[in-house]
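Reader: I'd like a close look at one part of this model: the salt bridges and whatever they sit in. Please spell out the cut-offs as you go, since I'll want to compare them with my own.

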Amino acid sequence: LLARLYAEQCVPPPTDTPGRSEWQEKPSSSSLQSPSDPDATYGHKGKGYEAQIAETCDPANPFQVTTAASVNGANESDQHQVEPTLDQIERTCGAVPETLHTDAGYGSGANLVAAQARGTDLAAPIGSKGPEEHKASLRDFDMDAAGNVTKCPIGHAPVENRALRAGVTRLAIFSDEACTGCSLRADCPTQTRWGRRILRYRATEVAVARRRAEQETSAFKERHKIRSGIEATNSELKRCHGFGKLRVRRRPRVELSVRLKLLALNLKRYVSHLTQAATGVSAQPACAC
């Protein structure tokens, strides 16, 4: 541990016999954070771990249950958690969900495309900044359901659409004559190649452009409100089950503790449902304040 601490958080000395070692100004987020738990890392929420939780949210269910739980380092991005979560939900429930509501931390073109390929609509807004308003961008081109461009922003149809790399990359080819004198040419994402104007784009870019347009609609905002419901579950886990500060160390034990706490939550909800069905009175949580 001392050797790791020295290697990860100290500045290498200029001589073989330094009188004093200096600390790195910004050590890596994966560097040693605690001698009592060498697996802990550092993220924007502090030292420790992050837990990924999925929960049912169908109003027709008699009660909601958690369907997936995993633990990752505090320094790991949520961007890498969508596919593992879908895998776990499929193992637990026998099928992937029709819709997976998440916050913007999980929203990316790659995740939208990957979820769609599995049959899941990843209802996640795109948090990154979009293209400048005065410039033409991919979102200004009309496309069909397959992702082929049908019209440019001023209404010209391409002379050809091509799919490359098994459809991952696409080309929309416009005649140079149609683009000559266009008022948007200076700000257009197309480029001149082979005497024509070529728009090169990926399936992930199409997914992002469509989601940016969709998330501005009232329909998307209304259906995405349900995502905030899991915050109540997070709060219950922290207040009633000690989820915020576990009494174990090292990642394997943390993972086991998280799964057991979520199992307890599901059992508690099931017992509450049975009690209400038998007596007509809703059972109060054991930790009600």
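Author: A salt bridge here is a side-chain nitrogen of Lys or Arg within 4 Å of a carboxyl oxygen of Asp or Glu. Keep in mind that this is a predicted model, so local features need pLDDT of at least 70 and side-chain atom pairs count only at pLDDT 80 or more, while totals for chains, interfaces and linings use all residues. Residues are numbered from 1 along each chain as its sequence is written, and side-chain values use heavy atoms, with hydrogens and water left out.

By that rule there are 17 salt bridges. Let's start with lysine 268 and glutamate 236, whose closest N and O atoms are 2.8 Å apart. Glutamate 236 belongs to helix α7 and lysine 268 to helix α8, so this pair ties together parts that are 32 residues apart in sequence. (Helices, H or I with at least four residues, and strands, E with at least two, are DSSP runs numbered from the N terminus.) How exposed are the two ends? Here buried means under 20% relative accessible area, exposed over 50%, and partly exposed in between, with a 1.4 Å probe and protein chains only. Glutamate 236 is buried at 14%, and lysine 268 is partly exposed at 23%. Both also belong to a network of salt bridges that takes in Glu55 and Arg269.

Now for the helices that carry this pair. α7 (residues 230-241) and α8 (residues 251-279) pack at an angle of about 100°, their axes 11 Å apart. Axes are lines fitted to C-alpha atoms, for helices over the stretch in contact, and angles run from 0 to 180 degrees between N-to-C directions. Angles under 35 degrees count as roughly parallel, over 145 as roughly antiparallel, 65 to 115 as roughly perpendicular and the rest as oblique; α7 and α8 are therefore roughly perpendicular to each other. On the α7 side, the contact (heavy atoms within 4.5 Å) is made by Thr233, Glu236, Leu237, Cys240 and His241, and on the α8 side by Lys261, Leu262, Ala264, Leu265, Lys268 and Arg269. These contact residues split into 5 nonpolar, 2 polar and 4 charged. In that scheme Ala, Val, Leu, Ile, Met, Phe, Trp, Tyr, Cys and Pro are nonpolar, Asp, Glu, Lys and Arg are charged, and the others, Gly among them, are polar.

A second salt bridge takes us to another region. Arginine 223 pairs with aspartate 121, the closest N and O atoms being 3.0 Å apart. The two sit in distant parts of the chain, 102 residues apart: arginine 223 in helix α6 (residues 218-223), aspartate 121 in strand β5. Both ends are partly exposed, arginine 223 at 29% and aspartate 121 at 28%. Over in the 220s there is also a bridge from lysine 225 to glutamate 222, with closest N and O atoms 3.1 Å apart, and lysine 225 is exposed at 52%.

Aspartate 121 has another partner to look at. Leucine 100, apart from its neighbours within four places in sequence, is in contact with Leu86, Thr120, Asp121, Leu122 and Ala123. Leucine 100 lies in strand β4 (residues 99-101) and is buried, with a relative accessible area of 13%. Its C-alpha is 9.7 Å from that of cysteine 57, although the two are 43 residues apart in sequence.

β5 (121-123) also meets helix α3: the buried residues of α3 pack against α2 (82-93), β5 and α5. Those buried residues are Gly109, Asn111, Leu112, Ala114 and Ala115. Just after α3, glycine 119 takes a positive phi of about 95°. As for the partner helix, α3 (residues 109-117) and α5 (residues 203-214) pack at about 100°, with axes 8 Å apart, and are therefore roughly perpendicular to each other. Gly109, Ala110, Leu112 and Val113 of α3 meet Ala203, Thr204, Ala207, Val208 and Arg211 of α5. That contact has 6 nonpolar residues, 2 polar and 1 charged, so you can set those numbers beside the 5 nonpolar, 2 polar and 4 charged where α7 meets α8.
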